[in-house]
Amino acid sequence: MNRYLLTIILSSMILSGCAGNPASDAALRSANQALENQFSPLRYVSTPSDSGGSIANVEWAGVPGQSISERAPQVRQDIFGAIMRNCDLQSSALAETRIVKHEVPTFYEVWVFNDPLSERTDKKSGLAVVMTQLPNGGGVDIQYYGDCHSKEAPAFHFSN
């Protein structure tokens with residue numbers, strides 16, 4: 001996640017006030033919209049805290065599901081080839097695919113890998129894979145977003 005986006009997220013969360021506050025909820029929605037607009041593989045999710053208030057933790061975007069690339073073996077092979085070349089992540093390390101948006105012509109997914117080089121405690125790394133169907137059978141444009149080896153992202157605690 002780039003520094004600029006992290007600064008926006010932190011600023012909107014700090015300025016928004018306490019958990020349960022409509023401004024806090026709006027800040028979380030705004031931060032997640034910014035992450036979606038940048039095709040980030042991450043989203044913030046708020047959960048109640050044992051000490052009161054809530055905690056906004058980072059989770060993978062989307063819901064578990066079957067990749068659209070399962071229907072196009074050549075596209076799938078191209079995706080894995082690029083991930084292996086650029087990130088040294090093998091297809092056998094794929095833990096799950098998560099569907100963010102499947103709306104023609106753009107298909108936005110998060111591919112989560114078991115990764116010993118990940119800095120996250122769960123040792124997983126995720127990449128957003130965005131496939132855009134080109135007009136007139138012109139193929140598929142594939143873009144990748146996120147760090148090859150995911151970093152641990154900060155959690156935010158909102159007190160009452």
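The secondary structure of the protein comprises 3 helices and 8 strands. The model described here is predicted. Along the sequence, these elements follow the pattern α-α-β-β-β-α-β-β-β-β-β. Of the 160 residues in the protein, 38% are buried. Among contacts with a separation of 6 or more, 54% are formed by residues 24 or more positions apart. The protein exposes a surface of about 8900 Å², of which 53% is supplied by carbon and sulfur atoms.

Five of the strands belong to a sheet. This sheet is open, has 5 strands in the order E3-E4-E5-E6-E7, and is paired in antiparallel fashion. Strand E3, formed by residues 63-64, and strand E7 are the edge strands, each of them pairing on one side only. Within the sheet, E4 and E5 run antiparallel and are joined by 8 bridges. One residue pair can be specified for this part of the sheet: Lys101 has Tyr108, in E5, as its bridge partner.

Helix H3 is associated with this sheet. The helix spans residues 73-87, a run of 15 residues. From the first C-alpha to the last, H3 reaches 21 Å, which is close to the 21 Å expected at 1.5 Å a residue. The buried residues of H3 are Val75, Arg76, Ile79, Phe80, Ala82, Ile83 and Cys87. Viewed down the helix axis, these buried residues fall within an arc of 160 degrees and therefore line one face of H3. On the other side of the helix, Pro73, Gln77 and Arg85 are exposed.

The packing partners of the buried residues of H3 are four strands, namely E4 (94-103), E5 (106-114), E6 (124-133) and E7 (140-145). In its placement, H3 lies across E4, E5, E6 and E7, and the helix runs at about 35 degrees to E7. The strands contacted by the buried residues of H3 thus include E7, an edge strand of the sheet, as well as E4 and E5, the antiparallel strands joined by 8 bridges. Just after the end of H3, Asp88 adopts a positive phi of about 55 degrees.

Notes
Residues are numbered from 1 along each chain as its sequence is written. This is a predicted model: local features need pLDDT of at least 70, side-chain atom pairs count only at pLDDT 80 or more; totals for chains, interfaces and linings use all residues. Side-chain values use heavy atoms; hydrogens and water are left out. Helices (H or I, at least four residues) and strands (E, at least two) are DSSP runs, numbered from the N terminus. The expected span of a helix is 1.5 Å times one less than its number of residues. Buried means under 20% relative accessible area, exposed over 50%, partly exposed in between (1.4 Å probe, protein chains only). The arc is that of the directions from the helix axis to the C-beta atoms. Contact means heavy atoms within 4.5 Å. Accessible areas come from the Shrake-Rupley method with a 1.4 Å probe; for residues, only the protein chains shown count as cover. Two strands pair if DSSP finds at least two bridges between them. Axes are lines fitted to C-alpha atoms, for helices over the stretch in contact, and angles run from 0 to 180 degrees between N-to-C directions.
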